[in-house]
Amino acid sequence: MMTGSGVTARRYDNILCLTETASGWTAKRQSLRIRDGRIAGCTSSPPTDLQPDELRIDGTQLMAMPGLVNAHTHSPDNLSRGCAGDLPLELWSLASSAPRTGRSPRDIHVSTMLGALEMASTGTTCVVDHVRISPDISAEGLDAVAQAWLDSGLRVVIAPVVSDLAPLDTMPFVDADFTGLDRAALTSAPPLPWHDQMEIVAAFHDRWHGAEGRITVGIGPSGPQRCSDILLRAAATFSADHNVPFHCHVLETSAQRQMGWERYGKGMLAHLDDLGCLTARTHLVHSIWLEPGDAELIAARGAAVIHNPVSNARLGSGTCPLPALLDAGVRVALGTDSACCNDSNNMLETMKWAALRHNKHGRFTGIDRALSAATSKGAEILGLGGVCGRIAPGMAADIAVFSLNAPAFVPLNNAPRQLVLAESGAALDHVLVAGRVVWSSGDHGADAPRALWAEAREIATAYGQTPAAAKPGLDLAISRMLTRVTENSANKEGTPCH
Ligand SMILES: [Zn+2]
């Protein structure tokens with residue numbers, strides 16, 4: 001990572017640039033000049049002035065696009081890839097949480113770097129890390145995450161996970177779910193009080209927000225059903241006071257939808273709106289089990305949905321109503337979700353899924369919308385619309401450069417379409433963030449990744465990587481609850497907006 005050539009002035013002559021226009025994405029030959037981390041010029045013919053410190057690159061066989069924005073992932077899960085089987089979210093959470101509990105700051109650093117490397121090697125330059133430190137949020141754990149992102153060279157929004165309700169209070173259980181089980185024995189230690197968690201996040205924000213112009217510190221409530229109202233309000237206030245994202249899972253499963261009705265007597269989004277949590281800074285991650293009218297409410301508040309199509313399919317969570325959201329004018333970005341529920345961090349793959357998953361009855365999401373969601377829209381939703389997501393003069397030089405001498409692009413008939421539908425990352429040549437090379441195909445076998453991978457293997461071996469059930473019997477209670485909720489959802493008419 002951060003291969004560190006030191007060259008921040010470069011010029012690509014005659015490179016094919018993927019460019020967003022009012023009528024969609026096009027590809028045209030440009031000369032691209034980069035200086036001091038920014039795009040200094042973008043012209044149809046090469047500049048005539050020679051600048052001696054400038055690295056000059058023949059772009060004839062290259063294609064540039066804005067670096068991809070991965071608007072939802074969880075760095076601690078990079079060490080847990082493959083640990084969870086085919087399970088619905090509530091049971092998957094039991095399996096996935098065990099191996100990430102009690103890690104050292106060095107383990108956390110390695111886990112973060114694994115994801116950063118994978119993302120850079122597939123064209124991602126900007127990431128939202130919805131990071132949970134287990135068992136409790138800590139300054140040391142968050143510092144390890146931030147340092148890793150700084151070392152990686154990527155741009156990041158770190159949204160520390162906060163939640164203050166005990167797991168048994170976050171799901172719609174009934175007494176019968178615990179028949180034959182000792183409910184008291186399934187109770188976990190209570191999380192840290194909400195104000196202690198918010199103090200840790202505030203201090204973390206003071207230490208890291210704005211670091212090298214690449215780190216934003218937001219706030220990441222795990223999900224409304226896992227948070228008290230007072231914590232959700234505090235998180236909304238933090239987001240407003242610092243003008244940073246409020247990043248929150250919402251309505252990922254039908255059980256969460258039911259929990260909302262049982263606890264609040266109304267839909268989950270209506271409740272979030274009552275608390276003042278729906279604003280232009282709000283990221284609603286997943287938004288699958290919406291109520292009628294929710295799409296219009298989200299649009300009216302200017303909030304955004306983060307769509308994670310691969311994760312949703314992996315966990316069998318349901319299908320995000322993307323066409324209805326787009327029709328309502330909701331802003332949508334894309335995310336991979338974690339490496340334990342995807343199980344990759346490849347935004348090229350996610351972009352293809354988003355483009356194809358919702359096509360039916362002659363209606364198509366389209367390549368253009370998938371590309372925008374993964375670049376310019378993603379950056380806007382992260383509060384970075386004036387910084388990255390487009391190739392234009394003045395923007396940060398966050399750019400993915402592909403070779404055109406690759407299966408996906410030969411013959412080259414339609415560059416945007418071939419990028420979204422045919423490219424996996426194999427054609428990636430190098431990646432810039434703020435004008436610096438953060439990944440290059442020539443470095444793929446270099447020592448840095450090998451050392452990182454060796455350390456990751458050691459950590460995995462030390463932990464055993466065989467997740468034990470957090471509490472014996474809890475999986476049975478959850479299974480009973482899910483069976484009941486699923487039957488109720490199937491029997492209910494006219495709901496939800498799905
Ligand atoms: Zn997630």
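**Close-up views of the model**

**View A. V285 pairs with I306 of β14 through a bridge.** The model shown here and in the other views is predicted. Strand β14 covers residues 304-307 and runs parallel to β13, with three bridges between the two strands.

**View B. Strand β13 also pairs with strand β12.** Strand β12 is made up of residues 246-250, and five bridges link it to β13 in a parallel arrangement. One residue pair to look for is H247 with its bridge partner in β13, H283. Strand β13 itself spans residues 282-286 and is mostly covered, with five of its five residues buried.

**View C. Strand β13, helix α8 and strand β14 form a right-handed β-α-β unit.** The helix in this unit, α8, consists of residues 294-301. After α8 comes G302, which has a positive phi, near 75°.

**View D. Helix α8 has buried residues at D294, A295 and I298.** Around the helix axis these residues cover an arc of only 105°, so they sit on the same side of α8. Which elements cover them? Among them are the two strands of the unit, β13 and β14, as well as helices α7 (268-274) and α10 (322-327).

**View E. Helix α1 has its buried residues on one face.** The helix runs over residues 89-97, and its buried residues are L89, E90, W92, S96 and S97. Looking down the axis of α1, these residues fall within an arc of 155°, which means that they line one face of the helix.

**View F. The protein chain is assigned two domains, each made of two segments.** Domain 1 takes in residues 10-66 and 395-447, while domain 2 takes in residues 68-390 and 469-483. The centres of the two domains, taken over C-alpha atoms, are 31 Å apart. In the contact there are 22 residues from domain 1 and 30 residues from domain 2.

**View G. Several elements build the side of domain 1 that touches domain 2.** Strand β2 (24-35), helix α14 (415-422), strand β17 (428-433) and strand β18 (436-440) each give at least two residues to this side. Which element supplies the largest share? The largest share comes from α14, with four residues. Sorted by class, this side of domain 1 holds 14 nonpolar residues, three polar residues and five charged residues.

Technical notes
Residues are numbered from 1 along each chain as its sequence is written. This is a predicted model: local features need pLDDT of at least 70, side-chain atom pairs count only at pLDDT 80 or more; totals for chains, interfaces and linings use all residues. Domain bounds come from an automatic or database domain assignment. Two residues are in contact if their C-beta atoms, placed from the backbone, lie within 7 Å. Ala, Val, Leu, Ile, Met, Phe, Trp, Tyr, Cys and Pro count as nonpolar, Asp, Glu, Lys and Arg as charged, and the others, Gly among them, as polar. A residue is buried if 20 or more other C-beta atoms lie within 10 Å of its own, exposed if 12 or fewer, and partly exposed in between; C-beta atoms are placed from the backbone. The arc is that of the directions from the helix axis to the C-beta atoms. Two strands pair if DSSP finds at least two bridges between them. A crossover is right-handed if, with the strands pointing away from the viewer, the path from the first strand over the helix to the second runs clockwise.
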